[in-house]
Amino acid sequence: MTELLAVEDLTVDFLTPDGTVHAVRGVSFTVAAGETLGIVGESGSGKSVTMLATMGLLPRKTRVGGSVRFRGEELLGRKPKEIRRFRGSKLAMVFQDPMTSLNPVHKVGKQIAEAMLAHQDVSKRAAWAQAVELLDTVGIPAPGRRADQYPHEFSGGMRQRAMIAMAIVNDPDILIADEPTTALDVTIQAQVLETLDKVKRELNTSIVLITHDLGVISRMADRVAVMYAGEIVETGVIDDIFVTPRHPYTIGLLNSLPRLDTSNTTLTPITGSPPSMVHPPSGCPFHPRCFFRRENCSTDKTNLRDIGLGAHTSACHYAEALSEVAR
Amino acid sequence: MTVHETTAEKEPASTPPGDEVEPVLVVDHLVKNFDIRVGELIRRKIGSVQAVSDVSFQLHKGKTLGLVGESGSGKTTTGLCVLRLHEPTSGSIRYRGREITDLSRREMRRIRRSLQVVFQDPYASLDPRMSVASIVSEPLRIHKQTTGLRDHVDELLRLVGLNPDYGNRFPHEFSGGQRQRIGIARALALDPDVLILDEPVSALDVSIQAGVVNLLEEIQDRLGVAYLFIAHDLSVVRHISDAVAVMYLGKIVEHGTRDDIYNKPAHPYTQALLSAVPVPDPRLERGRQRIVLEGDVPSPAHPPSGCRFRTRCWKAQDICATEEPALIDRGQGHPVACHFAGEQSSAIV
């Protein structure tokens, strides 16, 4: 598989009055052509910031370090104008809240056409026609009439699909979707996930899906990266993560989930709460909450490492021993 | 009681089996209309939204009824009507056999001791300028139960798993999960029989959510409180509920025990809802048949004629537009409001 995106040792620091927030602390991952990478984590784990940094969308005074290469070309440290060449055309993004990401005073069709005109040398008429066609692709009924309407005339699910249409108008290589269905009801979520699936199938677009919802990940992703406290703590193909997890945090997440498919479950919460990112814990960031911690966990840090299970990696000293305790 | 409904029978509403004991709370044919008004100076009524339409259910000591539905289904309004934080338009609510819809404000206040509520947002539902101890003790002070107040508050904080020493701290010093525990302690202060839990865990991360769900279960086991658990998360509802009612556009479309609803859902909407929830197990996900509903929920101001779900239903026929299906047992062993109710055990797997 062709490697499209390679993020290496990415760090993001926000300077705040309360001190420096180390939001992302050495994150590395790759995205291959045509695959869906799921990034899962709870509030504050750094999953959104990681992708915003990748897209060059963070405020200027944020300190970003490491490397982000798209098809071998470094994106970090480039001038905003140069980044814009990639953003929207090669890498496109869909956000959680479609109401705030669409401009309320412009027609939906115009906004989609504009995204095309920004990157391609086409006539306005052709761009409009393409906008209508894409609204059809994402499953909006009567696309010709809908293109001529304003965002407030759309329902939440339709707005999110219009956002997907806008994101794919330049046929990007990678679509980054940040909690794309979190604000939606479950039957509408199902429609939007179906739309994303269709985009991936028909346009062979890679998708990076950021979500806190493990169900959505298991439905959509080929590979998964689990984030905690600004780091990736485990990666693997979906079955690695859901069936044979090898990091205590992943195991903890799965054990705390109520299940739709059975009535007889005991929920085991993860004790404590996520750490402050101003003063992240020493050693393994999960050690204060870990059920499996040992003496050296508070002092020694381990990076994602090969645990002898193919592409499955874990940042736990005792990953191998966890096969006994994983459910 | 003003009659807005054309539903044929006004018999006591059907209830799922296993409800032999005297219920703590009985809601019968509850209706709540909101007026739609326009105009800045002169407000004119141009219509009304029936947010809750002929809803009936019972709550039992120590048991949980899960009320599920999507945005606009009327589940929250139902909860607020039970507490009379919204005045019901019509219908009956009986607490321990006593009708409460016609009580005066003063009388209602006495009853509210026994009917308490926990809201979704642990950030908005606690006064940031009050200490935790004064938040938790406020109901006791209002109801003049101030003897041994300090000890009582400590006991409540311990009950919800918080260190009583934290009583002097303020809400901003706590995480979301801890704040929700404070809200639960406050709701329990007056030793209620009924707790209305309106999306109590949906603002929390899953690792924290599990702790609050466990706490709610422990409290129920210890104190025998009846829960009305309002939520959109079908997995949490399955975990915590004994019985479940599914709402769509103001109506209960299916009502049964937890196993009725999750193992043999018979209403097309319930089936679609269950099949739409992604399961955190890729092995199951790959083999699932999905029912993807077309379109959006219609506006509750102009609900479809007949069955309200028919505009999105793949089973809909002519009769669905003309005749509203009653919520009755159609051979599935639990009430279903569909002319073409049919068991489908494969909605989840």
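Which residue in the turn of the hairpin formed by E4(A) and E5(A) has a positive phi? Before selecting that turn, keep in mind that this is a predicted model. Then display the hairpin of E4(A) and E5(A), where 2 residues lie between the strands, and pick Arg71(A) in the turn, whose phi is positive at about 45°.

**The strands around the hairpin**

Stay with this hairpin and colour strand E5, residues 73-74 of chain A, together with E4(A): the two run antiparallel and are joined by 2 bridges. To see how they face one another, show Arg69(A), which stands opposite Glu74(A) in E5(A). Next extend the selection to strand E1 (residues 3-16) of chain A, which pairs with strand E4 (residues 63-70) of chain A over 7 bridges, again in the antiparallel sense. A useful pair to label here is Glu8(A) with Ser67(A), its bridge partner in E4(A).

**A buried strand and its neighbours**

Now move to strand E8 of chain A by selecting residues 206-211, where 6 of the 6 residues are buried and the strand is thus mostly covered. In a regular strand the side chains alternate between the two faces of the sheet. If you show the side chains of E8(A), Ser206(A), Val208(A) and Ile210(A) point one way, while Ile207(A), Leu209(A) and Thr211(A) point the other way, and all of them are buried.

Two strands can then be added to the view of E8(A). Strand E3, residues 36-40 of chain A, runs parallel to E8(A) and is joined to it by 5 bridges; within this pairing, Thr36(A) has Ile207(A) as its bridge partner. Strand E7, residues 174-178 of chain A, also pairs with E8(A) in the parallel sense, over 5 bridges, and Ala177(A) can be found opposite Leu209(A). To follow the chain between E7(A) and E8(A), add helix H8 (residues 186-203) of chain A, which makes a right-handed β-α-β unit with these two strands.

**Chain A as a whole**

Zoom out until chain A fills the view, with its 11 helices and 12 strands. Its C-alpha trace spans about 65 × 50 × 40 Å along the principal axes, and its radius of gyration of 21 Å agrees with the value near 20 Å that a compact globule of 327 residues would have. Colouring by burial would mark 51% of the 327 residues as buried. Among contacts in chain A between residues at least 6 apart in sequence, 64% join residues at least 24 apart.

**Across to chain B**

Select the contact between the two chains, which takes 38 residues from chain A and 39 residues from chain B. On the chain B side, highlight helices H6 (206-223), H7 (234-240), H8 (258-263), H9 (268-276) and H10 (282-287), each of which supplies at least two residues of the side that touches chain A. H6(B) gives the most to this side, with 7 residues. Colouring the side of chain B that touches chain A by residue class would show 20 nonpolar, 9 polar and 10 charged residues.

Finish with the whole of chain B, which has 11 helices and 12 strands. The radius of gyration of chain B is 21 Å, close to the 20 Å given by the globule rule for 349 residues, so chain B is as compact as a globular protein of that length. Along the principal axes the C-alpha trace of chain B spans about 65 × 55 × 45 Å. Of the 349 residues in chain B, 48% are buried, and among its contacts between residues at least 6 apart in sequence, 67% join residues at least 24 apart.

Note on methods. Residues are numbered from 1 along each chain as its sequence is written. Chains are lettered from A and ligands numbered from 1 in the order in which they are written. This is a predicted model: local features need pLDDT of at least 70, side-chain atom pairs count only at pLDDT 80 or more; totals for chains, interfaces and linings use all residues. Helices (H or I, at least four residues) and strands (E, at least two) are DSSP runs, numbered from the N terminus. The radius of gyration is taken over C-alpha atoms; the globule rule is 2.2 Å times the number of residues to the power 0.38. A residue is buried if 20 or more other C-beta atoms lie within 10 Å of its own, exposed if 12 or fewer, and partly exposed in between; C-beta atoms are placed from the backbone. Two residues are in contact if their C-beta atoms, placed from the backbone, lie within 7 Å. Ala, Val, Leu, Ile, Met, Phe, Trp, Tyr, Cys and Pro count as nonpolar, Asp, Glu, Lys and Arg as charged, and the others, Gly among them, as polar. Two strands pair if DSSP finds at least two bridges between them. A crossover is right-handed if, with the strands pointing away from the viewer, the path from the first strand over the helix to the second runs clockwise.
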